[in-house]
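Trainee: I've just opened this model and would like to go through it with you, piece by piece. Let's start with a helix.

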Amino acid sequence: MSHIIEVRDMWFKYRASEDWVLREINMDVEEGSIVALLGVNGSGKTTLLKVLSGIFIHQRGTVKICGIELDRKNVKKIRELVGLVLQDPETHLLMPTVREELSIPLIARGLDQKEIDERIMEIAKLVGIESIVDKSIDELSFGQKKRVSIASALILEPKILLLDEPTLGLDPIGCIRLMDLVKDIAKRKNMTVIFSTQDIDIAALYSDYVYVIREGRIVARGPRDVLLRDAYTLREKCGLRLTRIGHLFEIAMMKGLIDEDVLPITISEAVRLLEKIKNIIKAR
Ligand SMILES: Nc1ncnc2c1ncn2[C@@H]1O[C@H](COP(=O)(O)OP(=O)(O)OP(=O)(O)O)[C@@H](O)[C@H]1O
Ligand SMILES: [Mg+2]
């Protein structure tokens, strides 16, 4: 099967860094999938997303995006295929108003004013920022700025959207709303998404596939359904924990309160399991 992102034995270091920051990175991302990149502070999440978007160029190995090899010659093409949303919207948004922020890439692409206005309204609707398009960036809340930075990354219709810790700094409902939005856009546009996070509960809710990065290496990877149920790998190899619900059911299973072998890792999976158990008891 061909992959929209293929990374082979990729190594990267910053000019200022003594040692490698990313080592031996291998990735194969399926088109249309949502991938979570889990890792603790300083593990290399932001650096990896910046390499995949062509902001930094790796020193060893290969990175292919839509079959195009990422190198200095192709970097412009790659940047058109990939939209990157940085962790902090303040560093992302450079223009005084939302409309100007969204217009710049469209002007650079040579669209006329009518096309620009149409495209901005289309993207604003998609991201739920219609009512703030003519506001100044300074008047927006943090959550609104996050949405504007997503709109700005989507404005040129990239094939791949990379989000660096998209839920950081948002309230619990804001997190769910933002991730629901990302999932919905990805489905509708058949877009491939990679989001970095330190929140395993969010990874369990929104990803199809998971990579775990630790000290610059991918230490575990696998389908969300497999990897996020694997308590041993998560704890021992990755330095992570199970999801909260997963941990609760792990204890219940260990204590013999529940006689099941597949660990539920989200609330909806747990509810389905409890309903199943109730039906088994009823049928007795
Ligand atoms: N511009 C830079 N120059 C030199 N070293 C850097 C630079 N940016 C990051 N690093 C180093 O690279 C490593 C990985 O950093 P990175 O920001 O990618 O991690 P992260 O997983 O995104 O962390 P966080 O969760 O804190 O955002 C760290 O050791 C960091 O100190
Ligand atoms: Mg980071």
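Trainee: How far does α6 reach from its first C-alpha to its last?
Mentor: Bear in mind that this is a predicted model, where local features need pLDDT of at least 70, side-chain atom pairs count only at pLDDT 80 or more, and totals for chains, interfaces and linings use all residues. Residues are numbered from 1 along each chain as its sequence is written, while chains are lettered from A and ligands numbered from 1 in the order in which they are written. Helices (DSSP runs of H or I, at least four residues) and strands (runs of E, at least two) are numbered from the N terminus, and a helix's expected span is 1.5 Å times one less than its number of residues. With 13 residues, α6 is expected to span 18 Å, and its actual reach is close to that, at 19 Å.

Trainee: Is α6 mostly covered or mostly open, and how many of its residues are buried?
Mentor: Buried means 20 or more other C-beta atoms within 10 Å of a residue's own, exposed means 12 or fewer, and partly exposed is in between, with C-beta atoms placed from the backbone. The buried residues of α6 include K145, K146, V148 and I150. Among the elements covering them are β6 (82-85), α4 (98-108) and α5 (113-127). So α6 is mostly covered, and by the definition above the buried count in its 13 residues is 10.

Trainee: R147 is in helix α6; which residues is R147 in contact with?
Mentor: R147 has 23 C-beta neighbours inside 10 Å, so it counts as buried. Contact here means C-beta atoms, placed from the backbone, within 7 Å. Leaving aside neighbours within four places in sequence, the contacts of R147 are V127, G128 and I129.

Trainee: And A151, which residues does that one contact?
Mentor: A151 is on the list of buried residues in α6. Again leaving out neighbours within four places in sequence, A151 is in contact with L102, I123, A124, V127 and I129.

Trainee: Just past that helix, is L156 buried, exposed or partly exposed?
Mentor: L156 is in the loop between α6 and β7 (160-164), and beyond four places in sequence it touches E80, P105 and R109. Its C-beta has 16 neighbours inside 10 Å, so L156 counts as partly exposed.

Trainee: Which helix gives the largest share of the largest nonpolar core?
Mentor: A nonpolar core is a set of buried Ala, Val, Leu, Ile, Met, Phe, Trp, Tyr and Cys residues joined through C-beta atoms within 7 Å. The largest one has 76 residues, and V35, L37, A151, L162, V193, A203 and V210 touch the most other members. The largest share of this core is six residues, from residues 200-206, which form helix α8.

Trainee: Which domains give residues to this core?
Mentor: The bounds come from an automatic or database domain assignment. Both domains contribute, so the core lies between them. They are domain 1 (5-96 + 150-228) and domain 2 (242-284).

Trainee: How far apart are the C-alpha centres of domain 1 and domain 2?
Mentor: The two do touch: five residues of domain 1 are in contact with four residues of domain 2. On the domain 1 side, four of those residues are nonpolar, none polar and one charged. The C-alpha centres of the two domains are separated by 32 Å.

Trainee: How many residues of α12 are buried?
Mentor: Helix α12 (residues 267-283) has 17 residues and spans 24 Å from first C-alpha to last, close to the 24 Å expected. This helix lies largely in the open, because the number of its residues that are buried is zero.

Trainee: Back to buried positions: which residues does Y211 touch?
Mentor: Y211 is in strand β9 (residues 209-214). It is buried, with 25 other C-beta atoms within 10 Å. Not counting residues up to four places away in sequence, Y211 touches M27, V35, L37, I218 and R221.

Trainee: What phi does N190 have?
Mentor: Most residues other than glycine have a negative phi. N190 sits in the loop between α7 (172-189) and β8 (192-197), and it is exposed, with 9 other C-beta atoms within 10 Å. Although it is not a glycine, N190 has a positive phi of about 45°.

Trainee: Finally, how many residues around ligand 1 are nonpolar, polar and charged?
Mentor: Near means a C-beta atom, placed from the backbone, within 6 Å of the molecule, and the shell includes Y14, N41, K45 and T46. Ala, Val, Leu, Ile, Met, Phe, Trp, Tyr, Cys and Pro count as nonpolar, Asp, Glu, Lys and Arg as charged, and the others, Gly among them, as polar. The shell therefore divides into three nonpolar, eight polar and one charged.
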